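Here's a quick briefing to read alongside the structure. Have a look at the chain first, then work through the notes grouped by topic below.

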Amino acid sequence: MDKLKVAVICHVSNAEIRQNLDLESWTLKRLIKKILGRRSTINSDYSVWNTLMFHEFEAIEDIDFHAIILHPGMKYSLQEFDIRGIHYHCIKQDMETFSGKVFKNRNIFKCFWHNRKWIARVIDDIQPDVINLIAAESPFISLAGIDIDTTKYPFMVSMQTALSDPDFIENYPMNKVDYERRCEVEQAVLRRTKYIATDSSWYRAIAKQFNPGAEFLRYHFCVPNDFSMLNKNVEKEYDFVYFSNNINKAGDDAVKAFAIAHRQNPSLTLNMVGGYDDEYYTHINMLMIELGVKDNVTISGYYSTYNAALQQVLRAHNALIPIKVDIISGTIREAMMLGIPVVTYVTKGTPALNKEKETVLLSSINDYEDMANNMLRLVSDSVFREELIRNSEIYCQSNWNSRKNMLIQAKTYHCVYRHFHQKTPLPNEVTECLY
C-alpha cells in the first residue's frame, strides 16, 4: 500500500477551520466574553498542536489524512471540506456537559450519543486504514473509542495526559466526581486499543495497568517552528508572564511565587494571559490583594487566536510556568521556542530538559521560595540568562523539529497498519520512549 488512509479524531479549532464552517451567530455573547477576557470556544483557537500537525501532513504524500473534529457552534450536524489536501469532517459538538453535578448519578458510558453517532457515521463513510484518537481524557470525544470495531480497524490512542496518574487529582483543580467519570472513560478506552502512543515512560507505566499487552508508540506534540508572523522585537513590558488556556490551572502558584520574589524586588511585574470564569477571577484578585501584589500583576485575559496570544507572551522578558501535571507543558515548549527563559516545576518530564545542559530553571512542586529565587536570578544575572536562552535554543532545534517528528508519525501509521494485518514487528524508531 503506497498511500494510507488515516482518520484522526481530535478536538481543535483555528481560523481556517472556522472560515469554512457555517457557525451560529452569537456575536453579542462572543463580544461580551472578549471584553471580560473569557474564553469563547465557538470562535477561538485551541489545541494548536493539532493544527500544527495538520500543516505538517499537508506535505506528507503517503498519507491520505482525514481529520474528524468535534466543533462547537456549528449550524449543521456535519460539514466537510478540504484544505490543501487534508480532508476535514467537522461534527457539531454536543454541548452536553460532563460536570460532576450533571453526571453524578448517571452512567458516563451512556452519554454523548450525538458525538458518537456522527463520528461512527464518518468512520463508516471513510473506511480508514488506521484510526488515531487523540485525547483519551476527554469523554465528549474519547467515548467514540468505545464504539470502534477494533477487530476491523487498527485503533491507536495518543495520550495527551494521564488522568489515572495518582498524582493528577492532587495537582490539578478538578471536581472529584468529574475526575472519576473521566478516569472511567480513559481507562476503558486504553483497555480497548492495541496501540498506545506516548513519549513518556511514566504515562506508559500508567497505561500498562489497564492494558499490559498494548504496543507502545512514540507521540509528539507539534510545536511552532516558524514565528515569521510574530514581531519578536516587540517592546518588553513585563518581567514575567504566566500563560495558559485557563489561568486557574496554575494561577495561584504563579501569584504565590511572584509575591515572594516581589518582596525582594518590588519593581517586578507579572502578566497573566489566559481565560477564566467569574469565580476564579474574584479569587485570584483577592489572593493578589492579600499578598500585596495587586498593582504589579496584569491579567490580560484570553486571546481568541494563537498568534495574538503568543504576541502578548513576547511582551515579557521571562516565563513563569508552575504547571504540575504535564510531562512537559506545551507552554514550556512554546516559551522555549520563543527564546523566553522559563521558571517551572519538576514534573515527570521536565528534568529531561536539563539532562545535557540547563535549559529551564526547576523547583520542586509547591516550593514557592525556590521558584522565587530562580525568578530573581533571571532578572539579576544577564549573563546566566543569555546562557539559558542559548541552551534552550539548542535543545529545541535538536528535539522539537515538527517536520521531522511528523514524518516519524506518518511512518508509525504505516507500521501500525502492517503490524495489525501482517504481524510485521514494530521498529524501534516508532516505539522508543523519550522521557
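Asn318 has a busy neighbourhood: leaving out residues up to four places away in sequence, it touches Asp239, Phe240, Val241, Ile340, Pro341, Leu378, Val379 and Arg385. Bear in mind that this is a predicted model. The bullets start with Asn318 and then move on to other parts of the chain.

**Asn318 and its strand**

- Asn318 belongs to strand S12, which covers residues 316–321.
- With a relative accessible area of 2%, Asn318 is buried, because anything under 20% falls in that class.
- One of the residues it touches is Arg385, and here the two side chains make a polar contact of 2.8 Å.

**The annotated span**

- An unreviewed UniProt entry lists residues 239–392 as "domain: Glycosyl transferase family".
- In the model, the span 239–392 is 44% helix and 21% strand.
- The C-alpha atoms at the two ends of residues 239–392 are 19 Å apart.

**A parallel strand pair**

- Strand S10 (residues 270–275) and strand S11 (residues 297–301) run parallel, with 4 bridges joining them.
- Getting from S10 to S11 takes the chain through helix H12 (residues 278–291), and this β-α-β crossover is right-handed.
- For a specific pairing to look at, Asn271 has Thr298 in S11 as its bridge partner.

**Thr350 in its loop**

- Thr350 sits in the loop between strand S13 (342–345) and strand S14 (361–363).
- Buried or exposed? Thr350 is buried, since its relative accessible area is 1% and the cut-off is under 20%.
- Which residues does Thr350 touch, not counting those up to four places away in sequence? They are Ile327, Ile328, Ile332, Thr344, Tyr345 and Leu362.
- Tyr345 also comes up in the polar contacts: the side chain of Thr350 reaches the backbone oxygen of Tyr345 at 2.9 Å.
- Ile327 is 23 residues from Thr350 along the chain, and their C-alpha atoms are separated by 6.6 Å.

**Asp167 and its lysines**

- Asp167 is in the loop between strand S6 (155–158) and helix H8 (168–171).
- At a relative accessible area of 35%, Asp167 is partly exposed.
- The side chain of Asp167 makes a polar contact of 2.9 Å with the side chain of Lys348.
- Lys324 is worth finding too: it and Asp167 are 157 residues apart in sequence, yet 9.2 Å apart in space, C-alpha to C-alpha.

**Thr51 and helix H3**

- Thr51 lies in helix H3, which covers residues 48–57.
- Its relative accessibility is 7%, so Thr51 counts as buried.
- Setting aside neighbours within four places in sequence, Thr51 is in contact with Val12, Ser13 and Asn14.
- With Asn14 there is a side-chain to side-chain polar contact of 2.8 Å.

**Positive phi outside glycine**

- Ser47, in the loop between helix H2 (27–35) and H3, has a phi near 50°, which is a positive value in a residue other than glycine.
- Ser47 is buried, with a relative accessible area of 15%.
- Arg84 also has a positive phi, near 50°, and it isn't a glycine either.
- Look for Arg84 in the loop between strand S3 (78–83) and strand S4 (86–92).
- Arg84 is partly exposed, at 46% relative accessibility.

**Cysteines**

- How many disulfides are there? The count is 0, taking a disulfide as a pair of cysteine sulfur atoms within 2.5 Å.
- Cys396 is in no disulfide, and the nearest cysteine sulfur, in Cys222, is 14 Å away.
- Cys396 counts as buried, at 5% relative accessibility.
- Why is Cys415 without a bond? The closest cysteine sulfur, in Cys433, is 17 Å from the sulfur of Cys415, so that is too far.
- Cys415 is buried as well, with a relative accessible area of 4%.

Note on methods. Residues are numbered from 1 along each chain as its sequence is written. This is a predicted model: local features need pLDDT of at least 70, side-chain atom pairs count only at pLDDT 80 or more; totals for chains, interfaces and linings use all residues. Side-chain values use heavy atoms; hydrogens and water are left out. Buried means under 20% relative accessible area, exposed over 50%, partly exposed in between (1.4 Å probe, protein chains only). Two strands pair if DSSP finds at least two bridges between them. A crossover is right-handed if, with the strands pointing away from the viewer, the path from the first strand over the helix to the second runs clockwise. A polar contact is a pair of N or O atoms within 3.5 Å; within protein, one must be able to donate a hydrogen and the other to accept it, and residues adjacent in sequence count only if both atoms are side-chain atoms. Contact means heavy atoms within 4.5 Å. UniProt positions are given in the numbering used here, feature names are shortened, and annotations may be inferred rather than shown by experiment.
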